[in-house]
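Here is a short tour to read with the model open beside you. It starts at the ligand and then moves out to a few buried side chains and some backbone details.

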Amino acid sequence: MKNILVIGATGQIGSELTMKLRGIYGNSNVVCGYIPGAEPHGALLESGPAEIVDITNPEQISATVKKYNIDTIYNLAALLSAVAEARPQLAWKIGVGGLYNCLEISREHGCALFTPSSIGSFGASTPHVKTPQDTIQRPDTIYGVTKVTGELLSDYYARRFGVDTRSVRFPGLISYTTLPGGGTTDYAVDIYYAAVKGETFKCPLKPGTFMDMMYMPDALRAAVEIMEADPARLIHRNSFNIASMSFDPEIIYNKIREHIPEFRMEYELDPLRQKIADSWPDSLDDTCARQEWDWAPEYDLEAMTRDMILNLRKKLLVPEPAL
Ligand code: AKB
């Protein structure tokens, strides 16, 4: 049985991953690490232990690791791409300084460490279509710079100190539970909220802007499966391309309209997000993840859209339309 610390446990991924890990490994074996101002609520607070763990504070991480006899850390603390451009120094402090703290503590205490990378670790000079696992990584954003640094540093700690570091490059993640906030791919979540609320959606990216996206249940499964994977089969560690769907604003808009025909979208471009999106791949090649740890997504755009609309109607108390 694992003893797990999730750092950044109240964020978009953390709030759902912590609950999933508790379901698998036991409620009392998964610690929800949060920072003041982002306290856990409801089931996340009530179902298991919670501690203040600021990733920039190594003493806090170390004390929690010792107190709960932690052997696995999920490091989910990060500023997303658009918000990181506004606060590059803080993005580095959390993304690289925070990861360094996790790596050192993992080295001292023998913990395995998961730190997500992103499609944002690629840049304009990367091949954009079916981006290979091993290719040019010269990102244009501070978010991407922290992600590439994190991949390299994590591989270094695995080679040099034997720390069991593993990672996946997440695409844009779509869920109905916790909002992302500050990413370039956030539009693909916001569009569902607008559609279900009956609002016209103002799309910040222009038609033809393709990016990889993934439904949260697949992303959570990837985070669990990569940490459970047989190390003898892993040729790569930090970090694996994973993929399930790639679309542009027109494709997701038209898919939603198959379910909500009266839904409308207009374009109101955000130049920063457009510039970032243009530098990111259109689609990733995830062959290595499929070969080395049997990665396979379950949701496509249609299955995700049905589930998002169903669950957002429940969450926002919007009745099903009469047939
Ligand atoms: C972002 O848009 O910044 C994130 C990501 C793709 O890493 N969702």
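A polar contact here is a pair of N or O atoms within 3.5 Å; within protein, one must be able to donate a hydrogen and the other to accept it, and residues adjacent in sequence count only if both atoms are side-chain atoms. With that in hand, an oxygen atom of the ligand is found 2.6 Å from an N or O atom in the side chain of Tyr 143. Before going further, please keep in mind that this is a predicted model, in which local features need pLDDT of at least 70, side-chain atom pairs count only at pLDDT 80 or more, and totals for chains, interfaces and linings use all residues. Residues are numbered from 1 along each chain as its sequence is written, and side-chain values use heavy atoms, with hydrogens and water left out.

**Around the ligand**

Two serines also approach the ligand through their side chains: an N or O atom of Ser 81 is 2.6 Å from a ligand oxygen, and one of Ser 118 is 2.7 Å from a ligand oxygen. Taken alone, the ligand exposes 250 Å², and the protein buries 93% of that (accessible areas come from the Shrake-Rupley method with a 1.4 Å probe; for residues, only the protein chains shown count as cover).

Which residues are around the ligand? They are Leu 80, Ser 81, Ser 118, Ile 119, Tyr 143, Gly 172, Gly 183, Thr 184, Thr 185 and Trp 280, where a residue counts if one of its heavy atoms lies within 4 Å of the ligand. By class, this shell has four nonpolar, six polar and no charged residues. In that count Ala, Val, Leu, Ile, Met, Phe, Trp, Tyr, Cys and Pro are nonpolar, Asp, Glu, Lys and Arg are charged, and the others, Gly among them, are polar.

**Three side chains with polar partners**

Ser 117 sits in strand E6 (residues 117-118); helices (H or I, at least four residues) and strands (E, at least two) are DSSP runs, numbered from the N terminus. Ser 117 is buried, with a relative accessible area of 4%; buried means under 20%, exposed over 50%, and partly exposed in between (1.4 Å probe, protein chains only). Not counting residues up to four places away in sequence, Ser 117 touches Lys 147, Glu 151, Ser 167, Val 168, Arg 169, Phe 170 and Ser 239, a touch being heavy atoms within 4.5 Å.

Ser 283 belongs to the loop between helix H10 (271-279) and helix H11 (287-293). At 12% relative accessibility, Ser 283 counts as buried, and its contacts beyond four places in sequence include His 128, Val 129, Thr 131, Asp 212 and Ser 246.

Helix H11 itself holds Glu 292. Is Glu 292 buried or exposed? Glu 292 is buried, at 5% relative accessibility. Among the residues that Glu 292 touches are Arg 233, Leu 234 and Phe 240.

The table gathers the polar contacts of these three residues.

| Side chain | Partner | Distance |
|---|---|---|
| Ser 117 | side chain of Glu 151 | 2.6 Å |
| Ser 283 | backbone nitrogen of Lys 130 | 2.9 Å |
| Glu 292 | backbone nitrogen of Ile 235 | 2.7 Å |
| Glu 292 | side chain of His 236 | 2.8 Å |

**A helix inside the fold**

Helix H7 (residues 187-197) is largely enclosed by the rest of the structure, because nine of its eleven residues are buried. The buried ones are Tyr 187, Ala 188, Val 189, Ile 191, Tyr 192, Tyr 193, Ala 194, Ala 195 and Val 196. Just after H7, Gly 198 takes a positive phi of about 80°.

**Backbone details and cysteines**

A cis peptide bond joins Asn 238 and Ser 239, with omega about 20°. Ser 239 lies in the loop between helix H8 (216-228) and strand E12 (240-241), and Ser 239 is one of the residues that Ser 117 touches.

Two residues that are not glycines have a positive phi: Asp 294 at about 60° and Leu 317 at about 55°. Asp 294 is in the loop between H11 and helix H12 (301-315), while Leu 317 is in the segment after H12. Leu 317 counts as exposed, at 74% relative accessibility.

Finally, how many disulfides does the structure hold? There are zero, a disulfide being a pair of cysteine sulfur atoms within 2.5 Å. Cys 203 is buried, with a relative accessible area of 0%, and Cys 288 also counts as buried, at 18%.
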